[in-house]
Amino acid sequence: PELVRDSQPKIPSIDEPGDYVVRVSYIVNKEGKVEDVEIIESSGIPAIDKAVRDAASKMLYKPAVQNGEPRSVKVTRKYRIKI
């Protein structure tokens with residue numbers, strides 16, 4: 001699928017500065033909407049993980065196409081957060 005609208009996480013104030021990585025997986029459905037967002041690598045800070053999950057769910061894609069038909073696909077994405 002082709003990303004049409006990206007969404008960046010809105011990170012709340014965190015008292016633990018550093019570099020964090022969150023890896024998510026999700027389904028891009030036949031309409032290009034994101035669903036079933038899962039954290040597969042946590043930052044270790046629930047507020048950061050939630051912000052990334054929320055951002056991922058707001059993205060929009062041009063759906064993947066196979067044999068001329070739109071289809072759902074699983075995608076993984078890594079976010080790097082520097083605080």
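**A colleague's note on the Y26–Y61 pair and the charged surface**

1. Let me start with Y61: this tyrosine is buried, and its relative accessible area is 8%. Please keep in mind that we are looking at a predicted model.

2. Y26 is buried as well, with a relative accessible area of 1%. Both values fall under the 20% limit for the buried class.

3. These two tyrosines belong together, as a search of the whole structure turns up one aromatic pair. The ring centres of Y26 and Y61 are 6.2 Å apart and the planes meet at 45°, so the pair counts as tilted. An angle under 30 degrees would have made it stacked, and one over 60 edge-to-face.

4. What does the pair tie together? Y26 sits in strand β2 (residues 19-28) and Y61 in strand β4 (residues 60-62), so the contact links parts that are 35 residues apart in sequence.

5. Turning to the surface, you will find a patch of negative charge where E31, E35, D36 and E38 gather. One of its members, E38, has its place in strand β3 (residues 34-41). With a relative accessibility of 45%, E38 is partly exposed.

6. D15 is worth a look too. Is D15 buried or exposed? Its relative accessibility is 78%, so D15 counts as exposed. The residue lies in the loop between β1 (2-5) and β2.

7. Finally, D15 also offers a link across the sequence: its C-alpha atom is separated by 9.0 Å from that of I83, although the two residues are 68 residues apart along the chain.

Terms used. Residues numbered from 1 in each chain as written. Predicted model: local features only at pLDDT ≥ 70, side-chain atom pairs only at ≥ 80, totals over all residues. Heavy atoms only, no water. Phe/Tyr/Trp six-rings, centres within 6.5 Å; stacked < 30°, edge-to-face > 60°. Helix = DSSP H or I, 4+ residues; strand = E, 2+ residues; numbered from the N terminus. Buried < 20%, exposed > 50% of the residue type's maximum accessible area, 1.4 Å probe, protein only. Patch = residues over 30% accessible without salt bridge, like charges linked within 9 Å, V, L, I, M, F, W, Y side chains within 5 Å. Areas by Shrake-Rupley, 256 points an atom, 1.4 Å probe, with all protein chains shown as cover. Salt bridge = Lys/Arg side-chain N within 4 Å of Asp/Glu carboxyl O. Lys, Arg positive; Asp, Glu negative; His and termini not counted. Charge placed at Lys NZ, Arg CZ, Asp CG, Glu CD.
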